[in-house]
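Hi,

Here is the model I said I would pass on. Have a look at it first, and my notes on how the chains meet follow underneath.

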Protein chains: 12
Amino acid sequence: MGLHILILNGPNLNWLGRREPGIYGSTSWPEIQAELEEYAAARGVTITCRQSNHEGVLIDILQEGADVFDAVVLNAGGLTHTSVALRDCVAALPVPVVEVHLSNVYAREEFRHRSLLAPVVAGQISGFGPLSYRLGLEAAIALAEKRKRR
Amino acid sequence: MGLHILILNGPNLNWLGRREPGIYGSTSWPEIQAELEEYAAARGVTITCRQSNHEGVLIDILQEGADVFDAVVLNAGGLTHTSVALRDCVAALPVPVVEVHLSNVYAREEFRHRSLLAPVVAGQISGFGPLSYRLGLEAAIALAEKRKRR
Amino acid sequence: MGLHILILNGPNLNWLGRREPGIYGSTSWPEIQAELEEYAAARGVTITCRQSNHEGVLIDILQEGADVFDAVVLNAGGLTHTSVALRDCVAALPVPVVEVHLSNVYAREEFRHRSLLAPVVAGQISGFGPLSYRLGLEAAIALAEKRKRR
Amino acid sequence: MGLHILILNGPNLNWLGRREPGIYGSTSWPEIQAELEEYAAARGVTITCRQSNHEGVLIDILQEGADVFDAVVLNAGGLTHTSVALRDCVAALPVPVVEVHLSNVYAREEFRHRSLLAPVVAGQISGFGPLSYRLGLEAAIALAEKRKRR
Amino acid sequence: MGLHILILNGPNLNWLGRREPGIYGSTSWPEIQAELEEYAAARGVTITCRQSNHEGVLIDILQEGADVFDAVVLNAGGLTHTSVALRDCVAALPVPVVEVHLSNVYAREEFRHRSLLAPVVAGQISGFGPLSYRLGLEAAIALAEKRKRR
Amino acid sequence: MGLHILILNGPNLNWLGRREPGIYGSTSWPEIQAELEEYAAARGVTITCRQSNHEGVLIDILQEGADVFDAVVLNAGGLTHTSVALRDCVAALPVPVVEVHLSNVYAREEFRHRSLLAPVVAGQISGFGPLSYRLGLEAAIALAEKRKRR
Amino acid sequence: MGLHILILNGPNLNWLGRREPGIYGSTSWPEIQAELEEYAAARGVTITCRQSNHEGVLIDILQEGADVFDAVVLNAGGLTHTSVALRDCVAALPVPVVEVHLSNVYAREEFRHRSLLAPVVAGQISGFGPLSYRLGLEAAIALAEKRKRR
Amino acid sequence: MGLHILILNGPNLNWLGRREPGIYGSTSWPEIQAELEEYAAARGVTITCRQSNHEGVLIDILQEGADVFDAVVLNAGGLTHTSVALRDCVAALPVPVVEVHLSNVYAREEFRHRSLLAPVVAGQISGFGPLSYRLGLEAAIALAEKRKRR
Amino acid sequence: MGLHILILNGPNLNWLGRREPGIYGSTSWPEIQAELEEYAAARGVTITCRQSNHEGVLIDILQEGADVFDAVVLNAGGLTHTSVALRDCVAALPVPVVEVHLSNVYAREEFRHRSLLAPVVAGQISGFGPLSYRLGLEAAIALAEKRKRR
Amino acid sequence: MGLHILILNGPNLNWLGRREPGIYGSTSWPEIQAELEEYAAARGVTITCRQSNHEGVLIDILQEGADVFDAVVLNAGGLTHTSVALRDCVAALPVPVVEVHLSNVYAREEFRHRSLLAPVVAGQISGFGPLSYRLGLEAAIALAEKRKRR
Amino acid sequence: MGLHILILNGPNLNWLGRREPGIYGSTSWPEIQAELEEYAAARGVTITCRQSNHEGVLIDILQEGADVFDAVVLNAGGLTHTSVALRDCVAALPVPVVEVHLSNVYAREEFRHRSLLAPVVAGQISGFGPLSYRLGLEAAIALAEKRKRR
Amino acid sequence: MGLHILILNGPNLNWLGRREPGIYGSTSWPEIQAELEEYAAARGVTITCRQSNHEGVLIDILQEGADVFDAVVLNAGGLTHTSVALRDCVAALPVPVVEVHLSNVYAREEFRHRSLLAPVVAGQISGFGPLSYRLGLEAAIALAEKRKRR
């Protein structure tokens, strides 16, 4: 049976295209999602996209999806830098998690340079705009396939 | 048409009057709200007051109100010092936000001296008790009027 | 009338037994709860156990329980280290709060060494696995009894 | 008898309108003062405006005015961040002091984020341009009235 | 044969009841010891209580007791925050050590927030006054029993 | 005419497969290079692979290639964290640079958490082993194509 | 000829007795000066007392007095912690300087723990209230006598 | 009955005169003690001088002397900067303690700038060589007399 | 018409030649000024030399000279490291400012390594003794000429 | 015989005019060198100009030139902030070294504010563009002449 | 007459072989001492070995041995990182001291990276297990011989 | 077959005897090498001595020697404190590396107190001048022999 990947977005990512376009670009999330779905389909992979502004909801989604998905592509938005609870949840997940960011967080404010998630994810991709998600999906598929083979 | 201002309160501000009166005073929120409504009415301005203990709900309210309100008076409570997600949301809002605090946060614990919101709001008012809200509302009206004129 | 104690768990503690057993042990929460209930019954004390992955929900529970419970045993999970909002809520509670941790947080990552809650709780117990809860309950009962006597 | 409020400006504020208008706006001090006097007159309050580039002169003015004025609106300019002597003077004053800033100091250089005065003033208002002074005057009047009533 | 537990107190704990009663309470050590002995007797456990103001003597006691006692309840007083030598000794002990504090060290001076012992003990209990010792003894007994079973 | 991408490796990356395989995997560089060449050929792209243990040589290569290559995939190894000279060179390049790392640098020693290059590259990919290079090449091609179109 | 000692007071010390009596005591400066003069007279020493709220004036006094006085007793008030200019002046003086403080500065705010003057004065006396001046005068006389003998 | 003052010296102060004379001078302790005794006798005061290289012994002496002496002059040597245990003991003493240092500790290594004792003593005198003790004794007598009068 | 350059000296620079000659050399200010005047005359440039120990006076001079002088050579002495007020004044000046130091400030105490002025001046020259002024004057002339040409 | 001065440039300075002209200006190195040679010729001084992107080559050049040149003008580029090896080499040179920078390094990123070279060079000139070199040459000549005279 | 060297061990080193063998190896102290004595005998050198868990005793031994021994090999155990008193004693000794460590302290916890003794000893040897002592003895002999020759 | 040890020197060590003799002594490298060769010959060990001012060359030498030498004695000079690339190379070597320093680096500038190499070498010897190399060679031989035996 084919792989099933969760694409999970944190706070304010529902505003993509509208929010600070100088930093986040003018592509909206539905446009990015369409591209991701096309790519996934071509690879024979199913994707599910979720977003929430609530830390607790993101944790609920990850816990409930622990036995459903084969890998996660996670853009936790501002929670990346502040949520130990989300980090603990990611660390406890049995499936690989790929951290993605639209902007180059290292070229922004000091407090965005530390990701609490980074030490517990498989890897991180940042700075390529919507392409970050596509590369992240690719990495997630590769990690999920390798895990299945084990 | 008249201005419409959102007064948004974060965690524990529903407990005003009951919570640590030595720091926050003994006036309850309904009393403060009554005063604000009276002041707003006299100025021909409509206000809407909301409170939540949930970071995600506060972000939802701000996003949903982005095209409804002309300005925001925000007391984010403890989230002031910890929420990058709320900061990102405020930074993305098209309308001016005025940060208010009942207590003089700079005369309290070290960790209350840094506001993650301060760099992305229009201005900050702290330490005047319930008067902080009234002055904040006044500032919000002035900023909204200036914005309309542009 | 007998004492009523709230046992409140924060993010990811619903995954006990499943989550990183090397750190948190392999006992699940229902097993721990059963033990706590047995102990409480023997002491003639009622306990209520709640868990949430949402900071806001935890604050709601504490506020709503302020006049219901005689003491609280709180394991705030990852929020221990990041939530000023939860700290403000605990500081405002009229009843004693006992902070507990399953693992020895001081033997783990640097960012777990600081508890924002510690300065506003009555005391802290960490590192004894499920026993931390039982000792915490015992302490909560003692504190509640002393408070009643005053 | 009516209230008497001191509006005290520190270094470089005599250059308002001329100095870095991108940050401080193009309104000159006489224009701001005129507005403040009009507002004060309407409230039946007397104001006295003073400025000095000298830390020592500012302290002299505050000491000499301690028994003359009912409250102070203070914009200490660059001394805000460096003068323990001014802080000690403010802490020793028997009347309430309101700290005001034209610019949002928290959106500027790191060294402007710490105000040595903030912990010893009644409250702080920053970021609203000339309006900061008007709101500050309003707060000063309210605090002076409350003090008189005691 | 029954368990034998060492209760070891560091500098100034011989002054309990006399020393800063606002922080440490007015119960003297003999009173606490009597309670601990009663509790131990009821559990069929032997306890030995020792105190010294000398870091070196505390290390000597721990080394000499390494093969005598089944667990240790340790309140190292001020040495908690400064003694690497004591930490090294505790780390080398074959039996479990429980760290206890009468006061809530996290609500006191900054330098008391770091315990050099915490990372090498089994767990920590702080803030419950004399009850801290009783809970610590209980934990020590549980840990010693578990160790015997292995 | 087709794109020409430079893959540039810094110190010790010639030892891949031999060096600390627990961290860097057991695949040697020639194997990775073969995969990259295959991928590039399929995309109609030419790649050139270079390695040096010398900071100065890496800068020479980047300067000389500034008008030859359309983009750069750069793994600067240990120089990532220490070389301002390399950073200055990257910042001066007219073509996009993609930073890649085999290991998850954020899960390793503290001093590896800061990349001096990160703020001046287009984006960063880390933690996916040899796949990091393939994703990096993909990103470099996309960035080079976008640049050509401008 | 007899010794001539300068007693120099910095900002706000003219307010002694009036200013924060909980910290600085209720003795006024004239009372302290009277005691110092009596003591000096008994020792056959002349003293001159000066005070200024101006850093520049203090430096002027010290420079002008360099060839007049045999030693200086200096309480620089808030400038103690901030004035490199005053430190440079003290370091350049040919006569010994004794630093005094009424309050125990080490038991107050963190920023009062560092004296910029301390490394360039002969010695420091703090915490004894008015007695600090008398002891400081005594030390200054001893140092001046020793210097004369050389 | 006359006052009884304890002069207590910490580690290495038995080596005075021999130890690093460039820093500590060439006067030996017996010479200093003789001078102190002469001064005390003239004031009708009894002094007892003790020294130990052992932190624990110093604490024992202070505890045992708590009801014997009217004040303490303490030079804790290197323990000044490291001993929380000694600080706790001093804080618990019912009599005033005067901290003295021969050298100007603020003109030496960084780690000597912080005295753990300073916040809990009455006052501090440093930098005057043997004179520091004499001034310290004078201060101790004054504090003891004031305490008796209360 | 010829250029007019202000040479402005801060605290203690009137003592050159007398003050710590090991650091500042034995040339007095009048000697340096004579050399500068000779050099200026040869270049057809007028110079005005001013000195003050008062931060406020320095600011007054700079403000009053803003429309008189074509450039400023500034040695702010100890205020270099502490005065935000002076920095604000320099930042507001319409003419270029050249920062000079006699000594190599980077080879001295840590607190002299940070110049608050450096980020807002045109450039900095330090360590060459009196030559620093001559090079600074040369730079000031060049900058003033370039500005005139614009 | 005439003086011989080495002008030594570090990494990326061969790209002057091409590299980030907003920061470094649009003048190329050959243009600057031509000006320096003209100036040197007029002073009867010989100059040799060298550049390398290699830290080791820069050290080799300085060592080999130690007995050839009378002074050095050094712009170490990015190595200024990172190379202890270069600092050690400069500290060991028998001839004076003048540090120059085109840009005002103190107005740029935090990590450029610390120069490892600054404490071991004679003096530093920064921020005047190509003029920095000319002033640096002038200083180097003056220092070399003074050294010859000794 | 032959040299006499003191080998002095601090806290917990009497437990060698028993204590954390993964870090300190399984050789006991008597075995190491035997080897050292054999080596010393072959060199015609006398050694005396002492150990104490007491900081004060170690200082007593060093003071008493100051005129007896020609050099010291010192492993201060955990006191290495905390004892200013021991450092002061070592700094005052007339004979050379060689600091040794069994383990590589720089590969362990952060707080073990700083040795308070290192700046005042002749040199340091760490990481070679029992061999550290033998090399340390060799160095001590060489230093003692060089000192005798002077 | 006999052991073969590499003695590798970093930047500026070719200048020994000439460079800052107050710190590094007046013995030149050829003299030290002669002594090392004599010692090695007596032990039946071959040594090879190399030096470079280039970080990259040092890494090349270590990589090329990985299968040739049985151990390395490394004095990386200034690169000790800055080179992550060299550290990565040392960490990847299959043979033991002994870090040596002529001077006591811990008694020098703060930035020399951290060795990036220390955590990945077998052990460290510093402060004994040329003897450091001989002791280092001895340690290297012992480690190489132990490794051969395994």
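**How chains A and F are related**

Turning chain A by 180 degrees, with a shift of 0.0 Å along the axis, lays it on chain F with an RMSD of 0.0 Å. The two copies are therefore related as by a two-fold rotation axis. Within chain A, Ile125(A) has the C-alpha nearest that axis, at 2.2 Å from it. Do keep in mind that this is a predicted model.

**The A–F contact**

This pair is worth opening up in your viewer. Chain A puts 21 residues into the contact, and chain F puts in 21 residues as well. About 1,600 Å² is buried between chain A and chain F, with 60% of it on carbon and sulfur atoms. If you want to know where to look on the chain A side, go to Tyr106(A), Gln124(A) and Phe128(A): they supply 31% of the area that chain A buries against chain F, more than any other three residues. Also, 100% of the interface residues of chain A are interface residues in chain F too, so the copies meet through the same surface.

**The L–F contact**

Chain F is also in contact with chain L, through 18 residues of chain F and 19 residues of chain L. Here about 1,500 Å² is buried between the two chains, 50% of it on carbon and sulfur atoms. On the chain L side, the residues that lose the most area to chain F are Gln63(L), Val84(L) and Asp88(L), which together make up 36% of what that side buries.

Not every pairing with chain L is a contact, though. Chain I and chain L have none, and their closest C-alpha atoms lie 11 Å apart. Chain B and chain L do not touch either, with 29 Å between their nearest C-alpha atoms.

**A helix pair between chains C and E**

How do the two α5 helices, one in chain C and one in chain E, cross? Each spans residues 130-149, and their axes come within 11 Å and cross at roughly 155 degrees. Angles over 145 degrees count as roughly antiparallel, so α5(C) is roughly antiparallel to α5(E). The crossing of α5(C) past α5(E) is right-handed.

The residues making this contact include Leu131(C), Leu135(C) and Ala139(C) from α5(C), and Leu131(E), Leu135(E) and Ala139(E) from α5(E). Arg134 and Glu138 take part from both chain C and chain E. Sorted by class, the contact of α5(C) with α5(E) has 8 nonpolar and 4 charged residues, and no polar ones.

Cheers

Key
Residues are numbered from 1 along each chain as its sequence is written. Chains are lettered from A and ligands numbered from 1 in the order in which they are written. This is a predicted model: local features need pLDDT of at least 70, side-chain atom pairs count only at pLDDT 80 or more; totals for chains, interfaces and linings use all residues. Side-chain values use heavy atoms; hydrogens and water are left out. Copies are superposed by least squares on the C-alpha atoms of residues with pLDDT of at least 70 in both. Contact means heavy atoms within 4.5 Å. Axes are lines fitted to C-alpha atoms, for helices over the stretch in contact, and angles run from 0 to 180 degrees between N-to-C directions. Helices (H or I, at least four residues) and strands (E, at least two) are DSSP runs, numbered from the N terminus. Angles under 35 degrees count as roughly parallel, over 145 as roughly antiparallel, 65 to 115 as roughly perpendicular and the rest as oblique. A crossing is left-handed if the near helix is turned anticlockwise from the far one by less than a right angle, and right-handed if clockwise. Ala, Val, Leu, Ile, Met, Phe, Trp, Tyr, Cys and Pro count as nonpolar, Asp, Glu, Lys and Arg as charged, and the others, Gly among them, as polar. Buried area is the accessible area (1.4 Å probe) that two parts lose on being put together, summed over both.
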